Amino acid sequence: PAWLVVFYFVGVLYMFLALNVACDEFFVPALEVMARRLHLSMDVAGATLMAAGGSAPELFSSLFGTFTESEIGIGAIIGSAVFNVL
């Protein structure tokens, strides 16, 4: 039904807000601490550590798929290639 679109839209907005809060409250402060301890500039930390943190879920899902003999590893690799091209 068309009226469910409203609930879907509100749910998507809520998830974006939750992601924003999680990144602002946890991810960025952790990145700043790691950059200070490793004596990195914020530009280098943003380019390397932020990229690694953004790719970590995909890495672990690929590792899980590899060791459980699942097809998820192949799907994650193909999906990341498409995502990296965009």
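## A walk through a three-helix chain

Let's start with the overall layout: the secondary structure of this chain comes to three helices and zero strands. Follow the sequence from beginning to end and you will meet the pattern α-α-α. Keep in mind as you look around that this is a predicted model.

Next, consider how much of the chain is covered. The chain has 86 residues, and 9% of them count as buried. Its exposed surface comes to about 7,200 Å², with 75% of that supplied by carbon and sulfur atoms.

Now find helix 1, which covers residues 4-37. One of its residues is methionine 15. Is methionine 15 buried or exposed? Its relative accessibility is 52%, and a residue is called exposed when that value is over 50%, so methionine 15 counts as exposed. Methionine 15 also has company: together with Tyr14, Leu17 and Val21, it forms a nonpolar patch on the surface. The accessible area of these four residues together is about 430 Å².

Move on past the end of helix 1 and you reach the loop between helix 1 and helix 2, where histidine 39 is found. Look at its backbone here: histidine 39 has a positive phi of about 55°, although it is not a glycine. Histidine 39 is exposed too, because its relative accessible area is 73%, while the cut-off for exposed is over 50%.

After the loop comes helix 2, made of residues 42-67. How do helix 1 and helix 2 lie relative to each other? Their axes come within 10 Å and cross at roughly 125°. That angle makes helix 1 oblique to helix 2, because it falls outside the ranges for roughly parallel, roughly perpendicular and roughly antiparallel. As for its handedness, the crossing of helix 1 and helix 2 is right-handed.

Conventions
Residues are numbered from 1 along each chain as its sequence is written. This is a predicted model: local features need pLDDT of at least 70, side-chain atom pairs count only at pLDDT 80 or more; totals for chains, interfaces and linings use all residues. Side-chain values use heavy atoms; hydrogens and water are left out. Patches are made of residues with over 30% relative accessible area and no salt bridge: like charges are joined within 9 Å, nonpolar side chains (Val, Leu, Ile, Met, Phe, Trp, Tyr) within 5 Å. Accessible areas come from the Shrake-Rupley method with a 1.4 Å probe; for residues, only the protein chains shown count as cover. A salt bridge is a side-chain nitrogen of Lys or Arg within 4 Å of a carboxyl oxygen of Asp or Glu. Helices (H or I, at least four residues) and strands (E, at least two) are DSSP runs, numbered from the N terminus. Buried means under 20% relative accessible area, exposed over 50%, partly exposed in between (1.4 Å probe, protein chains only). Axes are lines fitted to C-alpha atoms, for helices over the stretch in contact, and angles run from 0 to 180 degrees between N-to-C directions. Angles under 35 degrees count as roughly parallel, over 145 as roughly antiparallel, 65 to 115 as roughly perpendicular and the rest as oblique. A crossing is left-handed if the near helix is turned anticlockwise from the far one by less than a right angle, and right-handed if clockwise.
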